[in-house]
Amino acid sequence: MSTSSNVAPNDLSAFWMPFTANRQFKKSPRLFVAAKDMHYTTSDGRQVLDGTAGLWCVNAGHARPKIVEAIAKQAAELDYAPAFQMGHPKAFELANRIVDIAPDGLDHVLFTNSGSESVETALKVALAYQKVIGQGSRTRLIGRERGYHGVNFGGISVGGIVTNRKMFGTLLTGVDHLPHTHNLAKNAFSRGEPEHGADLADELERIVTLHDASTIAAVIVEPVAGSTGVLIPPPGYLKRLREITKKHGILLIFDEVITGYGRLGTPFGADYFGVVPDIMVTAKGLTNGVIPMGAVLVSAEIHDAFMTGPEHVIELFHGYTYSGNPIASAAGIATLETYKEEGLLTRGAELAKVWEDGLHSLKGEPHVIDIRNIGLVGAIELDPIAGQPTKRAFSAFLHAYENGLLIRTTGDIIALSPPLIVSESQIGEIVEGVRAALRSIA
Ligand SMILES: Cc1ncc(COP(=O)(O)O)c(C=O)c1O
């Protein structure tokens, strides 16, 4: 058995890494040992430009002083306070600050520790709300094909990525899925929102007809589907979902774990598309990725429905040991201050055109079958190698990493989402790094 004193520093076997090709990685490890602003430092001393904001989360760039200081100070001052039946000021302060930047109508915050937990929280609140208002027959949840809502059972049930679902049993019952909106034949190489497919929102009417509205609690979608490879909704699609859900008394949940906190050039995706959901799921950028934390925003209507009955009784039997953890709260406050001071929640809009032009200059490069962009997110879809899906994009990832650029791949799609502090010349570096990778791989 290994103990901390006898594990060799280069023994990589104990850690079963998440969403990683473990055997490939451990034969040829890629280790970061430091990070500052737009760059990582590797264990062999190289600088790597961060084209992905870590995992779509380091929106203000790395090791930002205000956030670093806030965490250190909070750890020394109040490290932990019980989350149940006790509180501490910073969790309330952070909740208020989130509400301040959120779309009007989302007035209350439940804290979690990740995007996955935020999704579970949102789904549970939706079900409980329907019960509390006397609509207990509404137990169905509707997700979308290719949706990603984290890795817990609720999230993979409403999610629509087959590899994340097929190994894990029957999942939640009573779940149905909208079709995804990706259409290469009609929309390839669209700039921003693709023209075709708004009518796919009407599939919700078909699902309502099939199951009856009285059985459906909520619909959950990502405003822009991120992890599956950046699928951008056609104009009007989300508005239509809002209309249909409202008409049938179904709650609309936006999973803004990626689109939240400035990624699209607006504070939230809801702002970008002008559609306010009943519940909004966030995480990642809330603390700049530095400390695990998520926040679920709900409307006053939902919150207030629970605030009945004797006052000494707990209103919602849900929460985590670390909900609103003091250090995470301090990190969240410092992160939101950094975003505000530097205008980062809208900086994506200023850079969007340069980003779009840069990405679309890759049209015609080897293997490229589609390019998509919105705000400071982009995707380059590659033609898969016959019989070896994912291999081509993974080769591009390795080539880019070896040449000083971090990109992300999902299937045969390269996804890009740099920190919102990226400069125009660094956008150029990202584009040229991808170009070089595409020209080098088989
Ligand atoms: C839309 C969406 N929801 C949920 C999650 C899960 O977040 P986490 O990995 O923090 O659990 C992610 C992560 O990428 C996401 O993109």
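# Exercises: salt bridges, ligand shell and backbone

The side chains of Lys73 and Glu77 form a salt bridge, N to O 3.8 Å. A salt bridge here is a side-chain nitrogen of Lys or Arg within 4 Å of a carboxyl oxygen of Asp or Glu. The model is predicted: local features need pLDDT of at least 70, side-chain atom pairs count only at pLDDT 80 or more, and totals for chains, interfaces and linings use all residues. Residues are numbered from 1 along each chain as its sequence is written, and side-chain values use heavy atoms, leaving out hydrogens and water.

**Exercise 1.** Place Lys73 and Glu77 in the fold and state their exposure.

*Solution.* Step one: both residues lie in helix α3 (residues 65–77). Helices are DSSP runs of H or I, at least four residues; strands are runs of E, at least two; both are numbered from the N terminus. Step two: Lys73 and Glu77 are four residues apart, about one turn of the helix. Step three: Lys73 has 56% relative accessibility and counts as exposed. Glu77 is exposed too, at 53%. The classes are buried under 20% relative accessible area, exposed over 50%, partly exposed in between (1.4 Å probe, protein chains only).

**Exercise 2.** Find the salt bridge between Asp357 and Lys353 and explain their spacing.

*Solution.* Start with the distance: the closest N and O atoms are 2.9 Å apart. Next, the spacing: because Asp357 and Lys353 are four residues apart in helix α14 (residues 344–360), about one helical turn separates them. Finally, exposure: Asp357 is partly exposed at 32%, and Lys353 is exposed at 51%.

**Exercise 3.** Describe the ligand's shell and its polar partners.

*Solution.* First, list the shell. The residues around the ligand include Ser114, Tyr148, His149, Glu222, Ser227, Asp255 and Lys284; a residue is near if one of its heavy atoms lies within 4 Å. Second, take the side-chain N or O atoms. That of Asp255 is 2.7 Å from a ligand nitrogen. That of Ser227 is 3.5 Å from a ligand oxygen. That of Lys284 is 3.0 Å from a ligand oxygen. Third, the burial: alone, the ligand exposes 390 Å², and the protein buries 83% of that. Areas come from the Shrake-Rupley method with a 1.4 Å probe.

**Exercise 4.** Which loop holds Leu171, and is Leu171 buried or exposed?

*Solution.* Locate Leu171: the loop between α7 and β6. Check the backbone: phi is positive, about 60°, although Leu171 is not a glycine. Check the area: at 16% relative accessible area, Leu171 is buried.

How values were computed:
Polar contact = N/O pair within 3.5 Å; in protein donor to acceptor, adjacent residues only side chain to side chain.
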